[in-house]
Amino acid sequence: MNKTILKKYAKLIAEKGAAVQKGQQVIVTAATDQEELAGYVAEACYKAGASYVKIEWTNAFANRLDNKYADIDILSTVTTWQEEKIKQRVKDLPCMIYIDSDDPDALKGTDVKKAGEVRRRRYPVLKPYIDQMENRYQWVIVAAPSRAWAKKVFPGLRTNDAVRKLWEAILKCARMGDGSDKSAMTCDPFRAWDEHNEDFIQRSAWLNEQKFDRLHYTSKNGTDFTVGLNPRVKWEGGGEYSLQGIYFNPNMPTEEIFTSPMRGRADGLLVASKPLSYQGQLIENFSIRFENGRAVEVKAEKGQQLLEEMIAMDEGAPYLGEVALVPKESPINQCGILFYNTLFDENAACHVALGTGFTNLLEGFENMSTEETLAAGVNDSMIHVDFMIGTDDLTITGIKADGTEVEVFRNGTWAF
Ligand code: ZN
């Protein structure tokens, strides 16, 4: 990729995504093959005033080796230095920038049970620190193509062409022009993001005014599902504020307006409209049936065991933490590409997520503990896994407490 474009993208990530402020520390997480972009992002953070930028490298091959050879007790132990490291993070509250370039099949064939058990055992030690940091720092997830990911998305192309095509799609979805180098070079992505955020603000305001009691979803694919909303939890989309009052954009791209539903109120069948990449493996052609808010039955043509593992991760894993609305006009959907990556695919279609909810959308959350936000109906779990349910014929009806019905979605797009 052209260096000028990469630098412009890096600046967008640092300033519009993470909104790095003078004197703040930053941690950039990137795979070892993303040296170039990670370097430019770090530089853009310093130029934005960061006091210190640390790049943390990840490597899927090394993770596979750990899964295969290392003893589960060793992997499950949070060592002293690891705990000290996260304590330091609680103190410094660095901005977090995640560059996602994962191969969707990176962990195919690894021991899912072992990986799940490792996460389950480590989580209780890390959880108090995660809670202390929640909503207190800026973060952003962005994408960059790896060769393996590009080949997965464009299997018919030569690797270099596939990488170039995936770059074009990623930049376009991140509002860096129309996909051509020329427009990536001349566009003003900062303005484009401001306009995008303005649209989110207006639509969320409408949804918040409606005060729906529940939403009813139907589609020809078999989806027939009702989810209860939480009167104390608002809808939001686009950028958000940290508790320090800093406005940042946690997802680039983002096309969704979302909320956390009322824990315990979800009934009926949701049929997935796209495959789900979970823990480096694919779950395909699946559906989930809910009763009293809980996933009680899952069926998958591929990845049945993985899906079962997922909803058994902890107490909150079979409950919903998110419902999100994405119109079919979303540029990601218009690309017509299946990215096999949640950051993109979740922004191509309406979706829900199993697992933890968004406490920051709950009124008065600043002074509440996790037990209290859970009691207020916002789910809590170590997982948060989005899956797509949007189709071209999806209808969503908002139902108010007095029974009044208002169309929210018709034929896969906004009805208001
Ligand atoms: Zn979402």
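For the description of linings, Ala, Val, Leu, Ile, Met, Phe, Trp, Tyr, Cys and Pro are counted as nonpolar, Asp, Glu, Lys and Arg as charged, and the others, Gly among them, as polar. The structure described here is a predicted model.

The secondary structure of the chain consists of 14 helices and 20 strands. The radius of gyration is 21 Å, close to the 22 Å given by the globule rule for 416 residues, and the chain is therefore as compact as a globular protein of that length. The C-alpha trace spans about 55 × 50 × 50 Å along its principal axes. Of the 416 residues, 52% count as buried.

A zinc ion is bound by four protein donors, namely Glu256 (OE), Glu322 (OE), Glu346 (OE) and His351 (NE2), at 1.9 to 2.4 Å from the metal. Along the chain, these donors follow the spacing E-x65-E-x23-E-x4-H. Glutamate 322 belongs to strand E15 (residues 320–325) and histidine 351 to strand E16 (residues 351–355), so this pair ties together parts that lie 29 residues apart in sequence. Both of these donors are shielded under the criterion of under 20% relative accessible area for a buried residue. Glutamate 322 is buried at a relative accessible area of 2%, and histidine 351 is buried at 0%. The angles among the 4 donor atoms range from 77 to 158°, and the site is classed as irregular. Four donors count as tetrahedral only if all angles lie between 85 and 135 degrees. For comparison, the ideal angle for four tetrahedral donors is 109.5 degrees.

Internal cavities were also examined, and 2 cavities of 30 Å³ or more were counted. The largest cavity has a volume of about 40 Å³ and is lined by Pro275, Leu276, Ser277, Tyr340, Asn341, Thr342, Asp345 and Met388. Strand E12 (276–278) and helix H13 (342–345) are the elements that give two or more residues to this lining. By class, the lining of the largest cavity comprises 4 nonpolar, 3 polar and 1 charged residues. One of its lining residues, Tyr340, has a positive phi near 55°, although this residue is not a glycine. Tyrosine 340 is located in the loop between helix H12 (331–335) and H13.

The second largest cavity has a volume of about 30 Å³. Its lining is formed by Val227, Pro261, Met262, Arg263, Gly264, Arg265, Ala266, Gly293 and Leu320. These residues divide into 5 nonpolar, 2 polar and 2 charged.

Among the open pockets, the second largest has a volume of about 330 Å³. The pocket is lined by 17 residues, of which Lys211, Asn230, Pro231, Arg232 and Val233 are the closest to its centre. The classes represented in this pocket lining are 8 nonpolar, 4 polar and 5 charged residues.

Several features of the backbone were noted. A cis peptide bond, with omega of about 5°, joins methionine 252 and proline 253. Proline 253 is situated in the loop between strand E9 (247–248) and strand E10 (257–259). Arginine 175, which is not a glycine, has a positive phi of about 60°. This arginine 175 occupies the loop between helix H8 (159–173) and helix H9 (181–186), and it is partly exposed, with a relative accessible area of 22%.

Two pairs of residues illustrate separations along the chain and in space. Asparagine 2 is placed in the segment before helix H1 (3–17) and is partly exposed at 27% relative accessibility. The C-alpha atoms of asparagine 2 and aspartate 181 are separated by 8.0 Å, with the two residues 179 apart along the chain. Asparagine 197, in helix H10 (residues 189–210), is buried, with a relative accessible area of 3%. The C-alpha atoms of asparagine 197 and valine 271 are separated by 30 Å, and these residues are 74 apart along the chain.

Key:
Residues numbered from 1 in each chain as written. Predicted model: local features only at pLDDT ≥ 70, side-chain atom pairs only at ≥ 80, totals over all residues. Heavy atoms only, no water. 1 Å grid on protein atoms, 1.4 Å probe; cavity = no way out; pocket = protein on both sides within 12 Å on 5 of 7 lines; lining within 4 Å. Points joined across faces, edges and corners; volume = space filled by probe spheres on them. Helix = DSSP H or I, 4+ residues; strand = E, 2+ residues; numbered from the N terminus. Donors = N, O, S within 2.8 Å, 3.2 Å for Na, K, Ca; no water. Tetrahedral: all angles 85-135°; square planar, octahedral: opposite > 155°, others 65-115°. Buried < 20%, exposed > 50% of the residue type's maximum accessible area, 1.4 Å probe, protein only. Rg over C-alpha atoms; globule rule 2.2 N^0.38 Å.
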